[in-house]
Amino acid sequence: DKGNFRHFMAKEIYEQPEVISHTLANYIDMATETVRLPEDLPFDFSQLKRITICACGTAYYAGLVGKYWMEKYARLPVDIDVASEFRYREVPLEEGGLAIFISQSGETADTLASLRYCDSQGQHILSIVNVRESTIARESGTVFPTLAGPEIGVASTKAFTCQLTVLACLAIAAGRQRGILAESDERKLVHALVEVPRLATQALKLEPQIEDIARDLSRARDVLYLGRGLNYPLALEGALKLKEISYIHAEGYAAGELKHGPIALIDENVPVIVVSPSDSLFDKTISNMQEVAARGGNIILLTDEDGAQASGDQPQATLVLPKMFQFVQPLIYAIPVQLLAYHTAVFMGTDVDQPRNLAKSVTVE
Ligand code: F6R
């Protein structure tokens with residue numbers, strides 16, 4: 001049931017404050033502001049030397065954010081790959097390591113094959129899945145469910161932010177077990193997570209402005225997304241979302257890679273969407289943005305009040321999000337990124353919930 005929404009995708013985008021809240025409640029002890037791990041976890045983060053993360057599509061981008069978090073907050077090295085490559089790479093793995101698989105459906109063939117490989121190599125298998133009765137969940141030693149509820153739209157939205165929520169909790173728990181995060185650090189990070197549903201609700205209020213921008217985007221043939229650090233995976237996710245439902249060609253790039261090639265594409269016909277909150281990497285990304293502007297590129301900037309001030313009149317349009325702790329940025333910036341793709345597709349008149357050539361669950365290799 002779509003309720004008052006035109007598409008399942010819109011409904012699912014709007015459900016995010018609530019489902020993130022449910023997911024958080026499953027992993028966080030609100031009274032002590034700490035992350036709660038199952039008692040019977042068969043591994044300890046302090047014993048691990050590295051982690052392997054494996055997934056496909058949007059779930060892979062969630063994993064990429066997870067890698068940044070694990071490295072920064074738990075000082076734990078992470079190898080990540082798309083499952084369709086990982087499974088054929090003959091990756092050497094040290095016995096007793098941890099492998100994390102992320103999947104909404106829990107049925108993705110390549111992700112499952114990668115899981116079975118890691119299992120055969122003596123890894124602990126942890127899966128982050130939305131469908132609890134799925135094959136991937138069944139074959140995992142440990143399951144960390146996302147509580148997104150059924151996701152009907154083919155383009156993943158709420159499952160993505162719930163995957164991020166679980167990965168954020170895992171990174172905090174890992175940081176604690178490894179002695180990297182003190183009690184007060186943990187409380188600060190958990191507190192930032194608890195604020196996410198409220199901030200997500202605020203981000204949803206940008207919809208009318210996003211619709212205006214989407215009207216212009218729907219006339220583009222190619223779109224570039226740029227982001228740095230935690231926002232780099234968001235650039236990749238933005239481009240994937242746009243191409244899969246609006247059929248407009250889009251590429252996501254690490255902002256610093258612009259000058260290594262893609263800048264050749266920039267002219268007044270290629271909108272460039274820059275995901276850049278005013279954090280420690282802001283200045284770097286803004287200088288990439290200036291390179292785009294100097295070549296006549298049309299910039300759409302996703303930032304906060306300070307970022308909007310600092311970028312002056314260079315962007316053609318600016319979406320101003322609330323100021324937030326760097327840690328939780330990907331969870332909130334996901335929302336305007338999803339809405340941009342959604343409204344562009346609506347202007348294009350495509351079948352938003354059932355885009356051509358795509359299936360909700362990819363059980364073929
Ligand atoms: C994109 C999308 C796909 C899936 C991918 C993995 O919007 O939905 O890229 O993320 O097919 O699917 P799961 O998470 O079910 O393994």
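Here a biologist and a modeller talk through some aromatic rings and a ligand in a predicted model.

Biologist: How many aromatic pairs does the structure hold?
Modeller: There are seven aromatic pairs. One of them joins Y60 and Y61, with 5.7 Å from centre to centre and 55° between the planes.

Biologist: Why is the pair of Y60 and Y61 called tilted?
Modeller: Rings pair when their centres lie within 6.5 Å, and planes under 30 degrees apart would be stacked, over 60 edge-to-face. The angle here is 55°, so the pair is tilted. Both Y60 and Y61 are buried, too.

Biologist: And what makes the pair of Y73 and F327 edge-to-face?
Modeller: Their ring centres are 5.0 Å apart and the planes meet at 70°. That angle is over 60 degrees, so edge-to-face is the right word. This pair links distant parts of the chain: Y73 sits in helix α3, while F327 is in the loop between β12 and α14, 254 residues apart. Together with W69, they form one aromatic cluster.

Biologist: How do you know whether Y73 is buried or exposed?
Modeller: Buried means under 20% relative accessible area. Y73 has 10%, so Y73 counts as buried. F327 has 0%, so F327 is buried as well.

Biologist: Why does the ligand's approach to E244 count as a polar contact?
Modeller: The cut-off for a pair of N or O atoms is 3.5 Å. An oxygen atom of the ligand lies 2.4 Å from an N or O atom in the E244 side chain, so the pair qualifies. The protein buries 89% of the 410 Å² that the ligand exposes when taken alone.

Definitions and conventions
Residues numbered from 1 in each chain as written. Predicted model: local features only at pLDDT ≥ 70, side-chain atom pairs only at ≥ 80, totals over all residues. Heavy atoms only, no water. Phe/Tyr/Trp six-rings, centres within 6.5 Å; stacked < 30°, edge-to-face > 60°. Buried < 20%, exposed > 50% of the residue type's maximum accessible area, 1.4 Å probe, protein only. Helix = DSSP H or I, 4+ residues; strand = E, 2+ residues; numbered from the N terminus. Polar contact = N/O pair within 3.5 Å; in protein donor to acceptor, adjacent residues only side chain to side chain. Areas by Shrake-Rupley, 256 points an atom, 1.4 Å probe, with all protein chains shown as cover.
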